[in-house]
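Work through the two exercises below with the sequence and the 3D structure open. Each task is followed by a solution in steps.

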Amino acid sequence: MSSIGQDTLKVRKKLNVSGLSFDYFCLASAQKAGLGPIDKLPFSLKILVENLLRHEDGKRVHINDIRATINSIINGHDSTEIAFTPARVLMQDFTGVPAIVDLAAMRDAMHALDNDPALINPQIPVDLIIDHSVMADTHGTSDAFEHNVALEFERNHERYAFLRWGQEAFKNFRVVPPGTGICHQVNLEYLAQVVWVSADVNGNQIAYPDTLVGTDSHTTMINGLSVLGWGVGGIEAEAAMLGQPISMLIPKVVGFKLTGKLPSGSTATDLVLTITHILRAKGVVGKFVEFYGDGLDFLSLADRATVANMSPEYGATCGFFPTDQKTIEYLKFTGRDPKRIELVEHYARAQGLWRDTYTPDPQFSESLVLDLSTIQPTLAGPKRPQDKISLKDAQSACQVMLGEEHKKIDESYPIQGTDYSLHHADIVIAAITSCTNTSNPSVMVGAGLLARKAKERGLLPKPWVKTSLAPGSQVVTDYLQKSGLDKDLDALGFNLVGYGCTTCIGNSGPLHPEIAKSIETHDLTVCSILSGNRNFEGRINPHVKANYLASPPLVVAYALAGSMLLDITKEALGIGHEGKPVYLNDIWPSEEEIQAVINQSLTPDMFQKRYADVFQGTQAWQKISQKKSLTYAWNDKSTYVKNPPYFVGLTPKAHNPSDIHGARILAILGDSITTDHISPAGSIKKDGPAGNYLQSHGVSVNDFNSYGARRGNHEVMMRGTFANIRLTNEMVPGTTGGLTKYFSSSAERTHETLPIYTAAMKYHEENIPLVVIAGKEYGAGSSRDWAAKGPALLGIRIIIAESFERIHRSNLIGMGILPLTFLNGVSRKSLSLTGEEVINIKGIKGEIQPGMTVNCSITRPDGQEINLTLLSRIDTQDEVAYFQHGGILPYVLRSLSKR
């Protein structure tokens, strides 16, 4: 049922399509009623205005607020706060499991407050796609997929049983079983409707833009299909599920004009890596990016989705493409309901949301221009997706990297039991993976054709390269099989390993034991190349320092080359039949060849067949049984799903936050600390706090699984917080991997180096609050709820940074942690902080206002006191309320318990 406002301006109109009648909130009528020049707004902001009109209730959304919003957009102000209500929520299992764990815990808390647990229930549609749990344990064999899926079910039975319970216990909640595809690709190919329809209390059908938030930052992929959505933390998503609007400041919109056409030999991957580099340099954090210009006429919907997918990498909240003929063609091609497709076009035209050649350019806050014909083959790496490298410069860039690490290029080390040696910059992982590119038939077919030509010439990947194929949709397998390209990829070791994120999320699986041993023994800097969207340090594989993003065809090419020190634009990839060298140009497929295969092999019925029973799952999924119940029967022995302590001792009324006295610094961190550094992901170390916990509970090292799979267990996750092997804490110079100095409160003031978790627990025993100090862009990367939950459970009350990434700042507040920023050029460096200081914060107690300042005093060991002013990054009034309640979930719980 759709929540509809009071329609003060009487802009609710009728739209008749295919003999059906729909109500809609007409933007043109709102403009005539005096709300302002809506027709000049960017398309993405028109959708936000419609959202406000539809939910205008005189409480959270006032008509004057909408008028002020439009005026602020036109006049370039960005201080207006709005309440955005998405149509639905999208989740993947790594972030979705802890969200459902929290809902289950909230039901228990409601019972403890003598209220009805059934009040805790999603109020809007929620889809959870299990796509992050499969690992590439087995690769390069015909049975790799079956083996990996069997291991996936064995490892994750507890989690999957819990989700089966949730599927029955909660309304408006659907689960797409494992082995189906990646959530963003399933969303693109099936779930998204562009125009959503639901009934009001009187049974009238309301048509409105399809909007969503997702618990994965790459939710933005759906912007390519003209659906406005972006990633939020699981904390925000849970609140949205429970009927809370998302409080946000009206974003500035950067217009990105695309002209021309991609040249032959360049791919959508090359385009998005170029765009990522440009926009990161420009600075678009917290802003919308909207693409326009005649270049859109030459970008397929899949190309647009590739560009939109990487919005988090270029820092934008979203990367939006307006509805046009390409949108309609894609909906038809993917087998959507013809009546819904007709509604999409009629609705978009009626609302001024349709783009064509004659559409005037919207009024943007600022604009950029890119000529598509200038795009050249591109990589990104070795540590960040915005670090663009032209393919022709990849060799020299790698040499520079090795020089900076003082590594000798000519060093080689024989691998026991083989006839080859390993060198610095050798590629040990080549993975066609991730939603970003496997959603794009052009680059997938291109990879298959390149593999076919390589096979025909007698080339194979180098024996030290672990190859894998993990598409985001089963439809990819269908068109590869129909074209026969699956056999060519299999011949080069790119066998199917699973339908999931695998390598891109860190589930790359183990390297050959002797290769891993050589890397560790000789401190080798080896490389991975993947068609994903993330390449942060420590993410892909703990043994791989340098990670490069590239198109699927280039992934195959580099697997053949075997080293980043080979200039594949000039040097032979290898020696083929009859001793002839084979070059990249010899096997690179033409645009015409790729399109011919797509035309012959990809059909709408493939999508219709694959998604006809998308929620049914395999027999293995259907066999998982779970007793139906309103509240969850927690298993105290479970190491996967545990009842979190967030609501222990929760009182019906919130207590006002207090000032901070005598806080200790837990970590001093540098710039661009990502949520990968903060939140545990990937493999679990045997000898770390999390590994020790699991072993103490009878879990063998072989059964550790990954941090992502254990996100439903707070005991594991808090122990893994700040435990990334590449994390550098400036309090402990010369070390990496989640260590800190613990300063005893005894008279002797002794200190010792400990794991961050261990030190935090010691401070907890002494009732000492904790602070983290950081540089610029703190919390960059994926929307990780545990990057906020973990620190909160460690006892961290304050994060002081030079700047925050948008999603993470919001999540910190959602867990009751106060984000503060330095002012006037002050930083950890200018203050010469060592971590021995004691910190006091005044100004929290009392009335809290958005954007206020607080007073901070820093006392050095010698008694010297430094006083400075810090800016609170509680930006909106709703965030004030969340913080005062100790977080967004206690706020929602108390709000519902009053009903």
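Two strands count as paired if DSSP finds at least two bridges between them; strands (E, at least two residues) and helices (H or I, at least four) are DSSP runs numbered from the N terminus. The model is predicted, with local features needing pLDDT of at least 70 and side-chain atom pairs counting only at pLDDT 80 or more, while totals for chains, interfaces and linings use all residues. Residues are numbered from 1 along each chain as its sequence is written, and side-chain values use heavy atoms, without hydrogens and water.

**Exercise 1.** Determine which residue of β15 is the bridge partner of Phe 256, and describe the surroundings of β12.

Solution.
1. Strand β12 (residues 253-259) pairs in parallel with β15 (residues 366-371) over six bridges. The partner of Phe 256 in β15 is Leu 368.
2. β12 also runs parallel to β13 (residues 288-292), joined by five bridges; there, Lys 257 has Tyr 292 as its partner.
3. Five of the seven residues of β12 are buried (under 20% relative accessible area, 1.4 Å probe, protein chains only).

**Exercise 2.** Classify the packing of α30 against α31.

Solution.
1. The axes of α30 (residues 806-814) and α31 (residues 877-884) are 8 Å apart, at an angle of about 40°.
2. Therefore α30 is oblique to α31: angles under 35 degrees are roughly parallel, over 145 roughly antiparallel, 65 to 115 roughly perpendicular, and the rest oblique.
3. Arg 809, Ser 810 and Ile 813 of α30 meet Glu 879, Tyr 882 and Phe 883 of α31 in the contact (heavy atoms within 4.5 Å).

Key
Axes fitted to C-alpha atoms, helices over the stretch in contact; angles between N-to-C directions. Buried < 20%, exposed > 50% of the residue type's maximum accessible area, 1.4 Å probe, protein only.
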